[in-house]
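Student: Could you take me on a close look at one sheet in this model, and then show me what surrounds it and what else is worth inspecting?

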Amino acid sequence: MSKTYITTPIYYVNDLPHIGHIYSTLVADTVARYRRLEGDDVYFLTGTDEHGQKIQKTAAEQGIEPIALADRVVERYHQLWQQLEMTHDDFIRTTEPRHWAGVEKIVARIAEKGDLYVDRHEGFYCVRCETFYTDKELLEGDRCPIHETPCDRQSEENVFFRLSKYQDALLAHYEAHPEFVRPESRLNEVKQFVAQGLKDLSVSRTTVDWGIPLPGFEGHTIYVWLDALTNYISALGYGSDSDQLYRDFWQGDGARIHFVGKDILRFHAVFWPAFLLSAELPLPTTVWAHGWWLRDNLKMSKSIGNVVRPDYLLQDFGHEALRYYVLRDMAFGQDAGFSDEAFIERYNSDLANDIGNTLSRLVTLSRRAFDGALPPAKGDGLKAEAEQAMAEYRGHMEVFSFHEALRSLSKLNQEISQFLVRNEPWKKLKDESQKGEVAEVLWAGLEALRLVATALLPILPEKAPKILESIGADVPETFTEGALSWGGLGTGKTLGAVEPLFPRIDKKEYLKGAEAKKEAKDAKAPAAAENKEKRSGKGKTQASSAEGLISIDDFFGVMLKVATIQTAERVPKSDKLLKLSVDAGESSERTVVAGLGKAYEPEALMGRQVIVVANLKPAKLMGVESNGMVLAATADGKPVLLSPESEVPAGTRVK
Ligand code: MSP
C-alpha cells in the first residue's frame with residue numbers, strides 16, 4: 001500500500017479562522033479522502049503555530065498570556081474542523097513538548113554540522129509575515145511586499161543559519177525533481193529567487209521570548225519559522241523514542257505533500273529543504289502552493305476588514321456546499337474572488353439542479369415505471385460518456401486539479417439530462433411494449449449518476465452516500481475495486497422516495513434578506529455601521545447571519561480597549577465634535593474625534609477613562625483625522641459615556 005503524507009500549514013493563533021485558512025485544510029482533506037479511496041495509506045496532519053512576536057504582541061494587546069490566547073483560538077479550530085468533518089489523523093500545537101523535542105533535535109543536528117554562527121543583524125522585519133526583508137524586496141516606504149504595511153527596522157545580535165551554503169544543492173534538487181514545487185509557475189519563481197543568491201538566514205531572536213529557547217545560545221529564542229516548519233516531522237515522532245510514524249511517512253518512499261498558500265512558499269520550498277539538507281533528513285516530495293481567495297480584488301485580511309468568516313455559510317448552506325464551491329470555483333493554484341452571489345449560483349446550478357433534480361427525476365420515474373423499484377434491466381446508453389468522465393475525473397484529481405475534476409462530473413450530469421430529454425421515458429411509462437426501452441434508459445441514467453455520486457465521495461462526504469442510498473447503490477470503501485467502472489448498479493431493488501438534498505435557494509431573496517439583516521444590525525450597532533464601508537463588497541459578509549445575530553468571531557473582530565483621555569478640545573466650527581487625544585496603552589497617543597460636544601465640556605473629560613474601538617479605519621471628520629471611536633449610550637438624543645467601573649491600565653482589552 002503506498003504511503004501518502006499530507007499536511008496543511010499550521011495556523012497562527014492570533015486570529016480566528018477565515019475562508020482563506022479553511023481553504024488549505026479543505027483541499028488537504030479532499031486529497032486525503034481521495035487518496036484513501038484510491039487505496040493509499042494516508043496520514044493527514046494539521047495544527048497551530050503558536051510562538052513568535054505576532055502572537056506575543058496580540059496576547060499583550062488583549063491583556064492575556066500568549067498560551068491563553070492560543071488555547072482559545074485552538075478550541076475554535078477544533079470545533080470548526082469537526083463541523084467541516086475534517087479527517088486529519090493528528091493536530092499538532094507548537095507549544096506541545098513533543099514538538100519542542102523535534103525542534104531541539106533538528107537544531108542540534110544543524111549546529112553539529114557547523115551551520116550556525118552568531119552575528120549582528122540589521123534589517124526590516126514584518127511581524128505579520130514573521131520575516132526579515134531585504135531593502136530590494138521592500139515596497140516604497142519600507143513596506144512589506146505581502147501585506148503592504150510598514151516594516152520595523154530591527155537590529156539585534158542573532159544566530160545565523162548558513163543558508164547560502166545550500167544554494168547549489170537546492171538548485172540541483174529543483175532540477176532533478178521538478179515536482180518538488182507545484183504548479184510549475186511557482187517552481188520557476190522559486191528557482192529564480194534561489195539563483196539570484198541566498199543570504200544566510202537569521203534563526204534566533206533576542207527580543208522575543210515567546211518561543212523555544214535556542215540550546216547553547218543564552219537569551220536567544222528559535223526563529224518562529226524554523227520552529228514551525230519542524231511540525232511536519234515532530235508530529236510524526238521525530239525527536240522522540242516512538243518514531244514509527246516518522247519512519248513510515250517521512251523516511252519511506254511514499255509521497256510527502258505540503259499544501260500551502262503562495263505567500264508562504266519560500267519558507268517551504270527554500271528554507272525548509274535547506275534545514276533538512278543541513279540536518280541530513282529527507283525532503284518533502286511536493287510543496288503545492290495555492291492562490292488566494294480575494295474579496296473586492298484584495299487578499300482577505302483582518303486589517304483590511306474584508307475577511308469572510310465561515311459561520312454564516314455553514315449555517316445557511318452547510319459545509320458540503322462550501323467545500324464544493326471553493327473546490328469548483330478556484331482554479332487550483334490561481335487566485336479567485338469570493339462572493340455570496342457566485343456561491344449561490346454555483347450551488348443552484350451544480351447541486352440543486354444538476355444533481356438534485358436529476359436524482360429526483362430518475363428515482364421518481366423508475367418507481368413509477370417499475371413498482372417502486374430500480375429498472376429490471378441494464379442499458380449502455382451513457383457508457384461511453386460516463387467512462388470518459390471518470391477517466392478525466394481521476395486524471396484531474398491525481399494532479400489536484402479539483403475544478404477540472406468537478407467540471408468533468410458536471411458535464412456528465414448534463415449529459416444525463418440531455419439523454420433523458422432525447423429519450424423522453426416519461427412519455428412511454430404506460431406502454432407495456434416500450435417497458436424494455438424505458439428500463440434501459442432509466443438504468444443508464446441511474447448508473448451514470450451512481451458514478452457521479454461515487455466520485456463525489458471525497459467532496460460531499462455526507463450527501464454523496466445519501467445519493468447512492470437513494471438509488472439503491474452501495475457506498476464503496478475504495479475506488480480500487482471497480483467502484484468507478486461502468487455497470488455496478490443492480491436491478492430491481494426497491495427504492496424509497498427521494499428527500500431533497502439540495503433545496504434551491506432564491507438568490508435575489510437571499511441577498512435581499514441578508515442586506516436587510518445587515519442594515520438592521522448596523523442601525524442597532526454603530527460600530528458595525530462604521531465598519532460597513534470596509535465590507536461593502538457584493539453580497540453578505542461574516543457579520544450577517546440568521547436573525548441578525550453575530551458570532552463570537554464577529555464580536556472579537558471589533559477591538560475594544562480602555563483609553564484615558566489626555567486632552568480634549570472643540571473642533572473649530574463644530575458644536576458637536578470634540579478632538580480627544582487618548583492613551584490606549586500604545587507607543588503614542590491617538591486622536592479620536594467624538595460627537596460629545598453638546599453633552600460634555602472638554603475640560604470635564606480630561607483624565608477620564610473611556611472605551612474606544614481601536615481597530616477602526618481612520619476617518620476624517622471636519623478635517624480632523626479620527627483613529628477610533630469612543631463608545632457612548634445615547635439617551636434622549638444625548639450621548640452618555642461608558643467607562644470602566646474602577647480605574648484599569650490604559651490599553652486594557654474589553655471583551
Ligand atoms: N503559521 C504560518 C504557516 C506555518 S506552516 C509551517 C502561516 N499561518 S497563517 O495562519 O497566516 O496562514 C495559514 C495559511 O492560510 C497559509 O497557507 C495562507 O496562505 C492561507 N491563507 C490565508 N489567507 C488566505 C486567503 N485569503 N486565501 C487563501 N489562503 C490564504 O502562514
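Tutor: Happy to! Let's begin with an open sheet of four strands, whose order is β6-β5-β7-β9 and whose pairing is antiparallel. Please keep in mind that this is a predicted model. In this sheet β6 and β9 are the edge strands, each pairing on one side only. Further in, β5 and β7 run antiparallel and are joined by 10 bridges. To find that pairing on your screen, look for Val-118, which stands opposite Val-159 in β7.

The sheet also leads us to a pocket. β5 (116–126), β6 (131–133), β7 (152–161) and β9 (201–202) are among the elements that each supply at least two residues to the lining of the second largest pocket. Two helices do so as well, namely α6 (184–195) and α10 (265–278). The space in this pocket comes to about 1,100 Å³. It is lined by 38 residues, and those closest to its centre are Tyr-133, Thr-134, Glu-137, Phe-193 and Arg-266. Sorted by class, the lining has 18 nonpolar, eight polar and 12 charged residues.

Both of those helices have a backbone detail in an adjoining loop. Pro-183 is placed in the loop between β8 (181–182) and α6. The peptide bond that joins Arg-182 and Pro-183 is cis, with omega at about -10°. On the other helix, Glu-280 has its place in the loop between α10 and β13 (286–290). Its phi is near 55°, a positive value in a residue other than glycine. Glu-280 counts as exposed because its relative accessibility is 55%, and the cut-off for exposed is over 50%. A positive phi in a residue other than glycine also turns up at Met-622, where the value is near 50°. Met-622 is found in the loop between β21 (619–621) and β22 (624–626).

Next, compare the sheet we started from with another open one. This one has three strands in the order β15-β14-β16, and its pairing is mixed. β15 (298–299) and β16 stand at the edges with a single partner strand each, so one side of each has no neighbour in the sheet. Strand β14 (residues 293–295) pairs with β15 in the antiparallel sense over two bridges. There, Leu-294 stands opposite Lys-299 in β15. Lys-299 is worth a second look for its side chain: its charged end sits over the ring of Trp-292, 5.0 Å from the ring centre. Another contact of this kind involves Lys-3, whose charged end sits over the ring of Phe-249 at 5.6 Å from its centre.

From β16 we can move on to aromatic rings. The model has a count of 37 aromatic pairs. One of them is formed by Phe-332 and Phe-402: the ring centres are 5.0 Å apart and the planes meet at 70°, so the pair is edge-to-face, the class for angles over 60 degrees. Phe-332 lies in the loop between α12 (319–329) and β16 (336–337), while Phe-402 belongs to helix α15 (residues 402–423), so the pair ties together parts that are 70 residues apart in sequence. Are these two residues buried or exposed? Phe-332 is buried, since its relative accessible area of 9% falls under the 20% cut-off. Phe-402 is buried too, because its relative accessible area is 2%.

Further along the chain, you can follow a run of antiparallel pairings. Strand β17 (residues 560–570) pairs with strand β18 (residues 578–583) over six bridges, in the antiparallel sense. Arg-570 stands opposite Leu-578 in β18. β18 also pairs with strand β19 (residues 590–594), again antiparallel, over five bridges. In that pairing, Val-582 has Arg-590 in β19 as its bridge partner.

A last stop is Val-13, placed in the loop between β2 (11–12) and α1 (19–37). Val-13 counts as buried because its relative accessibility is 0%. If you want a distance to check, the C-alpha atoms of Val-13 and Ala-59 are separated by 9.7 Å, with the two residues 46 apart along the chain.

Methods
Residues are numbered from 1 along each chain as its sequence is written. This is a predicted model: local features need pLDDT of at least 70, side-chain atom pairs count only at pLDDT 80 or more; totals for chains, interfaces and linings use all residues. Side-chain values use heavy atoms; hydrogens and water are left out. On a 1 Å grid over the protein atoms alone, a cavity is a set of points where a 1.4 Å probe fits but cannot get out, and a pocket is an open set with protein on both sides within 12 Å along at least five of seven lines; lining residues have an atom within 4 Å of a point. Grid points are joined across faces, edges and corners, and a volume is the space filled by probe spheres set on the points. Ala, Val, Leu, Ile, Met, Phe, Trp, Tyr, Cys and Pro count as nonpolar, Asp, Glu, Lys and Arg as charged, and the others, Gly among them, as polar. Rings of Phe, Tyr and Trp (its six-membered ring) pair if their centres lie within 6.5 Å; planes under 30 degrees apart count as stacked, over 60 as edge-to-face and the rest as tilted. Buried means under 20% relative accessible area, exposed over 50%, partly exposed in between (1.4 Å probe, protein chains only). A charge sits over a ring if NZ of Lys or CZ of Arg is within 6 Å of the ring centre and within 35 degrees of the ring normal. Two strands pair if DSSP finds at least two bridges between them.
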